[in-house]
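Colleague: Please take one part of this chain and describe it closely for a first-year student. I should like to follow how its strands pair, how its side chains are placed, and which charged groups come together.

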Amino acid sequence: MDDSNPKRRKIPGDSAPTTADTVDAPSAGPGNGKPRPSSEVLPWPDYYMGVALLTAQRSKDPATQVGACVVNDDGRIIAIGYNGMPCDISDEVANWASPPEDDTTVAGQEAAKEGMICHAALNAIVQKRSVSVNHCTLYTTLFPCNECAKTIIQAGIKKVVYREARPEKEYHKYSRELFEDTKVTLEKYVPHRAGISLALKHDQSPRLVPSSTNFVVAIAPDSGAPSALNRARPIDQYLSYDEYFMGLALLTAQRSKDPKTQVGACVVDRNNRIIGLGYNGMPIGIDDEKTNWGKTPYGDESVGARLASKHSRCQKLILQSGITEVVYLAMPVDKKKGTPEPIKPSCLLLKSVGEDGKLTTRLRQFEYRDEKEQIVLTF
């Protein structure tokens, strides 16, 4: 199942906002044939803002990490972005210096890194994976600047949901005026939960061994060691691509109503752009509340990717789709033995050999870093 549809599934906002502690993911649900209770399913607004917050952690900006995602009328995420330097400009040699604290003017912003950096909303819109973002909703961790506001308006986005605003900034006034004049709806994000913790370290996960290629230190020529705010954020302060993609899979799993297992997946192209998100659940049009989740006419498992399942349905789909690599967090655990299940014959489909003698799809287990054993998102 793809990143699902709140309108077709008749759950546009889930429950009303409540105060709750940070929830660990994934969580166990009851096994009585009923769907997972709504209190254990991440509400749509929190999921969308969670994607924006998680995406922000890819940014190398030493001052502020910002993330954004665009959602269409069907509730599907069609664009994701974070603030960073333009393509083909090295993050390590770029000047990341911010303007002086007392200079809130647009001219002052452009004189520093703001003259080069591409903001999260802009990146999301220009890297969209659909023909248009017309009539869509933008979720952003920070209220858009005036330049992003113009891009949002020109792209046809009709609603902006923001987590944080900085009204003392000059651009804030211009942005708000632009949105008001063009009838773009502004909404302050109200979380349903306090936050969520995504565990990248699993009992089965191997540890990533640091090497000299994992860490890059940028030194400005002829100036000695640069100020921390003049250079890109160090690697231990932002997510690697592997961590980001696995984090998105874990976050997306929290939308599943499967009472036994919540599974998430993220599909990425060769340019590290996300082209699909999905979680295990019933087909569109099937009422989750009226379905027996213990045993259904749709198979003995809900629809979703389970790498080493007794069935090869998902694996055949992966092969036919041309996916060349599968990165997994862990194998399912044998309930009787309490140990990971061995790779079954169906899983060997992913190791099938093509006509040229090479593996058609590579299997790789996710490796965690000590500094990033978990990702904590505060809504």
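**A close look at the central sheet and its surroundings**

Modeller: With a relative accessibility of 24%, R166 counts as partly exposed. The reasoning is short: buried means under 20% and exposed means over 50%, so a residue in between is partly exposed. Please keep in mind that the model is predicted.

R166 makes a salt bridge with E164, and the closest N and O atoms of this pair are 3.8 Å apart. E164 is also partly exposed, because its relative accessibility is 34%. In general, side chains of opposite charge can pair when their charged atoms come close.

E164 leads us into the sheet. E164, in strand β5, is the bridge partner of L142. Strand β5 covers residues 159–164 and pairs with β4 in the parallel sense, over 5 bridges. Between these two strands the chain passes through helix α4 (residues 146–155), and this β-α-β crossover from β4 to β5 is right-handed. Another pairing in β5 places K159 as the bridge partner of T137.

T137 has a further partner, for T137 in β4 is the bridge partner of V71. This belongs to the pairing of β4 with strand β2 (residues 67–71), which is antiparallel and runs over 4 bridges.

What, then, is the setting of strand β4, buried or exposed? Strand β4 spans residues 137–142, and 6 of its 6 residues are buried, so the strand is largely enclosed by the rest of the structure.

The whole sheet can now be set out. It is an open sheet of 5 strands in the order β3-β2-β4-β5-β6, and its pairing is mixed. At the edges stand β3 (77–82) and β6 (185–188), each of which pairs on one side only. From one strand to the next, the twist averages 20°.

Two loop residues connected with these elements deserve attention for their backbone angles. As a rule, most residues other than glycine have a negative phi. H135 has a positive phi of about 65°, although it is not a glycine. H135 sits in the loop between α3 and β4, and is partly exposed, with a relative accessible area of 44%. D88, likewise not a glycine, has a positive phi of about 75°. D88 lies in the loop between β3 and α2 (106–111), and its relative accessible area of 86% makes D88 exposed.

Which helix holds N123? N123 is in helix α3, residues 120–126. N123 is buried, because its relative accessible area is 11% and the limit for buried is under 20%. The side chain of N123 reaches the backbone oxygen of Y82 at 2.7 Å. Setting aside neighbours within four places in sequence, the residues in contact with N123 are I80, G81, Y82, N83, G84 and C118.

To place the charged pair at the start in context, we may turn to the other salt bridges. How many salt bridges does the structure hold? It holds 13. One of the pairs is R364 with D242, whose closest N and O atoms are 2.7 Å apart. R364 lies in strand β11 (residues 362–365) and D242 in helix α6 (residues 241–253), so this pair ties together parts that are 122 residues apart in sequence. D242 counts as partly exposed, at 28% relative accessibility. R364 and D242 also belong to a network of salt bridges that links D242, E325, R362 and R364.

E325 in turn belongs to strand β10 (residues 325–328), where the side chains alternate. V326 and Y328 point to one face and are buried, whereas E325 and V327 point to the other face and are not buried. Strand β10 pairs with β11 in the parallel sense over 4 bridges, and V326 stands opposite L363 in β11.

Another pair joins R369 and E371, with the closest N and O atoms 3.6 Å apart. What separates the two partners in their surroundings? R369 is buried, at a relative accessible area of 7%, while E371 is partly exposed, at 38%.

To return to the part examined first, R166 pairs in charge with E164, E164 is joined by bridge pairing to L142, and strand β4 is largely enclosed, since 6 of its 6 residues are buried.

Methods:
Residues are numbered from 1 along each chain as its sequence is written. This is a predicted model: local features need pLDDT of at least 70, side-chain atom pairs count only at pLDDT 80 or more; totals for chains, interfaces and linings use all residues. Side-chain values use heavy atoms; hydrogens and water are left out. Buried means under 20% relative accessible area, exposed over 50%, partly exposed in between (1.4 Å probe, protein chains only). Two strands pair if DSSP finds at least two bridges between them. A crossover is right-handed if, with the strands pointing away from the viewer, the path from the first strand over the helix to the second runs clockwise. A polar contact is a pair of N or O atoms within 3.5 Å; within protein, one must be able to donate a hydrogen and the other to accept it, and residues adjacent in sequence count only if both atoms are side-chain atoms. Contact means heavy atoms within 4.5 Å. Axes are lines fitted to C-alpha atoms, for helices over the stretch in contact, and angles run from 0 to 180 degrees between N-to-C directions. A salt bridge is a side-chain nitrogen of Lys or Arg within 4 Å of a carboxyl oxygen of Asp or Glu.
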